[in-house]
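Start with the chain as a whole, then follow a few side chains through it. Keep the view open while reading.

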Amino acid sequence: MIKVLVTGASGCIGQGVLEYLSKNTDYELFGLVRRPIENLIKGVTYLICDLTDYESLDVLIKETGITDIYHFAAAVNNEHKELYEKVNVQGTINLIETAKKNNVKRFFYTSSAAVYGIFKECPVTEKHPVNPIGYYAKSKAKAEEYIKQLCEEAKIKGAIIRIPLVLGKGSRHFYSFARKLIKRNLFPIMGKRNHKIGTIHAYDVARAILVVTENSNNKIEIYNVSSYDAEFEELIRKIELIAFNKQRFKLRLPYSTLLFGAIVFEKISRIINPHSCLLYTSDAADELDGVDLGGRRII
């Protein structure tokens, strides 16, 4: 029996993947959360544990006999630098070390297209240079390196899946961020009128992992995965109508201006208040740039 542990089970990707797997596989499913949650998915056993607690994590994986790990948990936009390192990097290392110790067979990790930084070519393939901007993207790139090294040493099969903007039920990041800026009339349309932004639905993350599972070898491979590319302006228009039932005047800015403004704003804000949670960061600007993901598109 394949026993799958999904980290970040209360998040948009985690919930979507668990829903998809519960309907389309015979896997025994476990959802890892940091605290009790209300919206439970039928057929999923929820486990409470923090990725930064190595000892508890080790006991949990040993007692449940986990065979596969789908790692989606992460600190995201508006968090402190130290938390990115603690959760996204050290938490991932803890998870891999316990996987090695307890003979986990496969390990799948969702990274981000943000690790590519400013795109030098389009579509972006897996061979594109990695040059992350901002705390979040740098922590994801760093976690990737540990995964490749540690999993290959232990001959744990699996993949690193780089994804663009996530859309779906329970999305708390882009939609929440965009809604706040739209409400303040501060959401510009970047670049040309037909500018597109890569998106993915949580169900497609699950579908991609199932495809990769059938083809995985003893080497951790990297895949770019996306559902579709939507015109950026159309995406914002839909959010406006859903959230506020109206449209508004749209300011147009080149992406370079947006990114420069984000970096300046972030640096000044960190100096004034190092512990503040910022609404607008270089990571957020990077997310808004959009990306046409090429390479080995498996869905």
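A salt bridge here is a side-chain nitrogen of Lys or Arg within 4 Å of a carboxyl oxygen of Asp or Glu. Keep that cut-off in mind for a lysine discussed below. The model is predicted.

First, the outline. The chain has nine helices and 12 strands. It has 299 residues, and buried residues make up 54% of them. Among contacts with a separation of 6 or more, 78% are between residues 24 or more positions apart.

Next, the nonpolar interior. The largest nonpolar core has 31 residues. Within this core, Val 17, Leu 18, Leu 21, Tyr 70 and Phe 72 touch the most other members. Several elements each supply at least two of its residues, including strand 1 (3-7), helix 1 (12-24) and helix 6 (202-215). Strand 2 (28-33), strand 3 (44-48) and strand 6 (157-163) do so too. Apart from this core lies another, of 28 residues. Ile 66, Val 104, Cys 151 and Ile 220 are among its members.

Tyr 70 is a good place to look at the packing. Beyond four places in sequence, its contacts include Val 4, Leu 5, Val 6 and Thr 7. Val 17, Leu 21 and Phe 108 are also among them. So are Ile 209, Leu 210 and Thr 213.

Now the cysteines. Cys 151 is buried, at 0% relative accessible area. Cys 49 is buried as well, at 8%. The disulfide count for the structure is zero.

Turn to charge. Side chains of opposite charge can pair when their charged atoms come close. The structure holds seven salt bridges. In one of them, Arg 106 pairs with Asp 68, with the closest N and O atoms 2.7 Å apart. This pair links distant parts of the chain: Arg 106 is in strand 5 and Asp 68 in strand 4 (residues 68-71), 38 residues apart. Arg 106 counts as buried because its relative accessibility is 16%. Asp 68 is buried at 1%.

Glu 85 and Lys 142 form another bridge, at 3.0 Å from N to O. This pair also links distant parts of the chain, with Glu 85 in helix 3, Lys 142 in helix 4, and their positions 57 residues apart. Glu 85 is partly exposed at 36%, and Lys 142 is partly exposed at 36%. Glu 97 and Lys 100 bridge at 3.7 Å. Both lie in helix 3, three residues apart, about one turn of the helix.

What is the nearest side chain of opposite charge to Lys 140, a buried residue with no salt bridge? It is Glu 144, 7.8 Å away. Lys 140 sits in helix 4 (residues 135-154). Its side chain does make a polar contact of 3.1 Å with the side chain of Tyr 109. Beyond four places in sequence, Lys 140 also touches Ala 74, Asn 88, Thr 110, Ser 111, Ser 112 and Val 115, among others.

Asp 58 is another buried charged residue, at 11% relative accessible area. Asp 58 belongs to helix 2 (residues 54-64). Beyond four places in sequence, it contacts Thr 98, Lys 101 and Asn 102.

Finally, the backbone. Most residues other than glycine have a negative phi. Asn 103 has a positive phi of about 60 degrees. Asn 103 is in the loop between helix 3 (81-101) and strand 5 (106-112), and it is exposed at 56%. Lys 155 has a positive phi of about 55 degrees. Lys 155 lies in the loop between helix 4 and strand 6, and it is exposed at 57%.

Terms used: Residues numbered from 1 in each chain as written. Predicted model: local features only at pLDDT ≥ 70, side-chain atom pairs only at ≥ 80, totals over all residues. Heavy atoms only, no water. Disulfide = S-S within 2.5 Å. Buried < 20%, exposed > 50% of the residue type's maximum accessible area, 1.4 Å probe, protein only. Helix = DSSP H or I, 4+ residues; strand = E, 2+ residues; numbered from the N terminus. Polar contact = N/O pair within 3.5 Å; in protein donor to acceptor, adjacent residues only side chain to side chain. Contact = heavy atoms within 4.5 Å. Core = buried A, V, L, I, M, F, W, Y, C linked by side-chain atoms within 4.5 Å.
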